[in-house]
Amino acid sequence: MSLLNVLKIGDPLAEKQLAMTAKPVTDFKINTLKIIVADMIETMRHYQGVGLAAPQIGVSQHIIVLEVANNTRYPEADNIPLDILINPEILEFSEQYEADWEGCLSIPERREQITRPSSICYKAFNLAQEQVIKTVSGFHARIIQHEVDHLNGILYTQHLDGIYLQQ
Ligand code: ZN
């Protein structure tokens, strides 16, 4: 496994890559998928992230990893077991919204209060190409919405106007 560089705003090339729309994973059998996921997990843990999307490491594909394990950047967040979401799709957003603090490994030294739907129902595939459908709420729902935004080239700071526009 190897620690990867996280693309950060401030660098024009990185900003261009972060703004790109990623593509779904079409081949689950290729070895590189497992390597990318393993490297993403290592990188997320190293930088104390609670989630990481493949475009943040320059891979323009629909891959997300997330985990909250006694996180020092979010000490108040409940733990969430490691999860790998391939080709995630948010099926439903709750009508209820909530605001909470958000940060991003691609936007260092910044936190903002972002209003988002408080729960979502999503589907995704795991590494074994099994489909999972889940409803999650609170910080868990927030992380997935934040990371799915990355797959669509959207940074959380674009939601700063207060109203979260559903796609
Ligand atoms: Zn982010």
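Does isoleucine 154 count as buried or exposed, or rather, what does a relative accessibility of 19% make of isoleucine 154? In this predicted model, isoleucine 154 counts as buried, because its relative accessibility of 19% falls under the 20% limit for that class. The residue belongs to the segment that follows helix H3 (138–151). Its C-alpha atom is separated by 8.4 Å from that of methionine 20, although the two residues are 134 positions apart along the chain.

The overall fold comprises three helices and seven strands. Their order along the sequence is α-α-β-β-β-β-β-β-β-α, so that two helices precede the strands and one helix follows them. For the 167 residues of the protein, the radius of gyration is 15 Å, which agrees with the value near 15 Å that a compact globule of this length would have. The C-alpha trace extends over about 40 × 35 × 30 Å along its principal axes. Buried residues account for 48% of the 167 residues. Of the contacts with a separation of 6 or more, 64% are made between residues 24 or more positions apart.

A zinc ion is bound by three protein donors, namely Cys104 (SG), His146 (NE2) and His150 (NE2), which lie 2.1 to 2.2 Å from the metal. Along the chain, these donors follow the spacing C-x41-H-x3-H. Cysteine 104 is part of strand E4 (residues 97–104), whereas histidine 146 is part of helix H3, so the pair ties together parts of the protein that are 42 residues apart in sequence. Cysteine 104 and histidine 146 are both buried.

The search of the whole structure identified one cavity of 30 Å³ or more. The volume of the largest cavity is about 150 Å³. Its lining consists of 17 residues, of which Val50, Tyr74, Gly103, His146 and Glu147 are the closest to the centre. His146 is therefore both a donor of the zinc ion and one of the residues closest to the centre of the cavity, a link that rests on the lining as assigned here. Strand E4 and helix H3 each contribute at least two residues to the lining, and the largest share, six residues, is supplied by H3. By residue class, the lining divides into seven nonpolar, six polar and four charged residues.

Backbone geometry was also examined. Most residues other than glycine have a negative phi. Glutamine 48, which is not a glycine, has a positive phi of about 55°. This residue is located in the loop between helix H2 (31–46) and strand E1 (51–53). Glutamine 48 is classed as partly exposed, because its relative accessible area is 27%, a value between the limits of 20% and 50%. Glutamate 109 likewise has a positive phi, near 60°, in a residue other than glycine. Glutamate 109 is found within strand E5 (residues 107–117). With a relative accessible area of 84%, glutamate 109 is exposed, as the value is over the 50% limit.

Key:
Residues are numbered from 1 along each chain as its sequence is written. This is a predicted model: local features need pLDDT of at least 70, side-chain atom pairs count only at pLDDT 80 or more; totals for chains, interfaces and linings use all residues. Side-chain values use heavy atoms; hydrogens and water are left out. Helices (H or I, at least four residues) and strands (E, at least two) are DSSP runs, numbered from the N terminus. Buried means under 20% relative accessible area, exposed over 50%, partly exposed in between (1.4 Å probe, protein chains only). Donors are N, O and S atoms within 2.8 Å of the metal (3.2 Å for Na, K and Ca); water is not among the atoms, so sites may look incomplete. On a 1 Å grid over the protein atoms alone, a cavity is a set of points where a 1.4 Å probe fits but cannot get out, and a pocket is an open set with protein on both sides within 12 Å along at least five of seven lines; lining residues have an atom within 4 Å of a point. Grid points are joined across faces, edges and corners, and a volume is the space filled by probe spheres set on the points. Ala, Val, Leu, Ile, Met, Phe, Trp, Tyr, Cys and Pro count as nonpolar, Asp, Glu, Lys and Arg as charged, and the others, Gly among them, as polar. The radius of gyration is taken over C-alpha atoms; the globule rule is 2.2 Å times the number of residues to the power 0.38. Contact means heavy atoms within 4.5 Å.
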